[in-house]
Amino acid sequence: MKHKLPRIASKFTAAVFAGLTLCLSCAGASAEQKTDDGMSLLPTMSVFGFVPSGGNTLRRDRQSDASLSCFESSVAYEFVSIQCDTVVTETDEEYEDYYKVVNEGSDGAVLLTYAVATAGGKIASKTVVSETVVTEPVNREIVVGTKRLPERHGETAFILPNSGPITSGFGSRVLNGAYEKHSGVDISAPLGDDIAAGLSGTVVKSGYYGTYGNMVMLEHENGLESIYAHMSSICANVGDRVSQGDLIGKVGETGRAFGTHVHFEIRKDGTAVDPMNFVLSE
C-alpha cells in the first residue's frame, strides 16, 4: 500500500531584468491632450498586459516628477523549487518498527518568466507569461513494516547482536581474582565480525567511552537503551535511526576487554538489566 504526502513548494529568486524603455513623454507634444485645468493626458498604452489606471487615459500633473510619465517594460526570471513528494510503502514482511528510506529523492525546479511594467521606479504590474520545468522532482521513498512485534515479558523483543557464543553472562562474576558485577553479556566473535542492532532505535552515543572502548548506544521506546561495546570500528553516528538487524559496528577488543567480543547491555530507565530477559527466543 502506498501513501503520497502533499508537495510543498519553496521559493528562491534569481531575478534578471532585461529592460526595454518606452517613455511616453518622448512621443512628442502632439501626443498629449490638454485639459481645462492645465493637466496633461497621455494616450493609453498597454505594456505586457498592463493598462494604466483610469481606463482610457493616464492623467499627469505638469508639476510632478517627469519620470512618472515613463513606463518601462521588462522581463524578470524567477526560479522556484518544487519539493519532492514522499511516498510511503507498507510491507507485512517487516515488523511495525521497521523504517527504511530506500530513495532520498530530490527537489525539482521551475523557471517562471514575468512581464513587468514599472512607472516612476515602482512596479505597476507583474504577470507570469511562461513556466518552464528545468528539473523534474524525484519522489522520496520510504518503506515501513506492519507486522506485529513479538513480545517477551511485556517488553519488545531484542535479537542478539552477533551469533557467537555467550562467554560471560549478566550479574556477578570473578575477573582477575575479584568479584564484580557484569552489566551485560559478552558474545565471543572474530575480529571484524558484524555487530547488529538488537532492536530498532536511535543512536544517542557513538565513540570511545573508557572501559567500553568504541561503543554505540541506542535509545528505544519504553525507557529502554542498548549498548554495544569493544568495537574495532563504528558504523553508526549519533542521530542515525537504525532498524533491528542493521549493521552498527565491527567486533573488536578496544577498552577493557580480554579477547575479541561484543559486550551487549540493556538498560531499563537507566538501570542495567539482564539482556536475556528481553531477547526473543528462537
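1. The structure holds zero disulfides, and since this is a predicted model, that statement concerns the coordinates as they were modelled. A disulfide is a covalent bond between the sulfur atoms of two cysteines. Two cysteines may be noted for their surroundings: C84 counts as buried because its relative accessibility is 12%, which is under the 20% limit, whereas C235 counts as partly exposed, with a relative accessibility of 36%.

2. On the overall fold, the secondary structure of the protein chain comes to zero helices and 26 strands. The chain has 282 residues, and buried residues make up 38% of them. Among the contacts with a separation of 6 or more, 67% are accounted for by residues 24 or more positions apart. The area that the protein chain exposes is about 15,600 Å², and carbon and sulfur atoms supply 51% of that area.

3. The largest pocket deserves a separate point, and about 320 Å³ of space lies in it. Of the 17 residues that line this largest pocket, R173, H182, D186, H230 and R256 are the closest to its centre. The elements that give two or more residues to the lining are β15 (166-168), β16 (171-175), β17 (178-182) and β25 (261-268). Which element gives the most to the lining of the largest pocket? That element is β17, with three residues. Sorted by class, the lining of the largest pocket has eight polar, five charged and four nonpolar residues.

4. I142 lies in strand β12, which covers residues 140-147. Is I142 buried or exposed? I142 is buried, because its relative accessible area is 5% and the limit for that label is under 20%. Leaving aside neighbours within four places in sequence, I142 is in contact with T86, V87, V88 and T89, and also with Y99, K100, V101 and V102. The C-alpha atoms of I142 and N103 are separated by 7.1 Å, although the two residues are 39 residues apart along the chain.

5. N103 itself is placed in strand β9 (residues 99-103), and at 29% relative accessibility N103 counts as partly exposed. When neighbours within four places in sequence are left aside, the contacts of N103 are with V138, N139, R140 and E141. N103 and T86 are 17 residues apart in sequence, and their C-alpha atoms are 9.6 Å apart in space. T86 is also one of the residues in contact with I142, so a reader following β9 and β12 in the viewer may wish to look at I142, N103 and T86 together.

6. Turning to β26 (271-273), A272 lies in this strand. Not counting residues up to four places away in sequence, A272 touches F170, S183, E265, I266 and R267. From C-alpha to C-alpha, A272 and H182 are 9.3 Å apart in space, while in sequence they are 90 residues apart. H182 is one of the residues closest to the centre of the largest pocket.

7. Two residues other than glycine have a positive phi, and their backbone may be worth inspecting by eye. N222 has a positive phi of about 65° although it is not a glycine, and its place is in the loop between β21 (214-219) and β22 (224-234). N222 is partly exposed, with a relative accessible area of 42%. The phi of D269 is near 55°, likewise a positive value in a residue other than glycine, and D269 is placed in the loop between β25 and β26. D269 counts as exposed because its relative accessibility is 61%, and the label applies over 50%.

8. D246 lies in the loop between β23 (241-242) and β24 (247-251), and with a relative accessible area of 27% D246 is partly exposed. Which residues does D246 touch, not counting residues up to four places away in sequence? D246 touches I195, A196 and A197. D246 and A236 are 10 residues apart in sequence, and the distance between them in space is 9.6 Å, C-alpha to C-alpha.

Methods. Residues are numbered from 1 along each chain as its sequence is written. This is a predicted model: local features need pLDDT of at least 70, side-chain atom pairs count only at pLDDT 80 or more; totals for chains, interfaces and linings use all residues. Side-chain values use heavy atoms; hydrogens and water are left out. A disulfide is a pair of cysteine sulfur atoms within 2.5 Å. Buried means under 20% relative accessible area, exposed over 50%, partly exposed in between (1.4 Å probe, protein chains only). Helices (H or I, at least four residues) and strands (E, at least two) are DSSP runs, numbered from the N terminus. Contact means heavy atoms within 4.5 Å. On a 1 Å grid over the protein atoms alone, a cavity is a set of points where a 1.4 Å probe fits but cannot get out, and a pocket is an open set with protein on both sides within 12 Å along at least five of seven lines; lining residues have an atom within 4 Å of a point. Grid points are joined across faces, edges and corners, and a volume is the space filled by probe spheres set on the points. Ala, Val, Leu, Ile, Met, Phe, Trp, Tyr, Cys and Pro count as nonpolar, Asp, Glu, Lys and Arg as charged, and the others, Gly among them, as polar. Accessible areas come from the Shrake-Rupley method with a 1.4 Å probe; for residues, only the protein chains shown count as cover.
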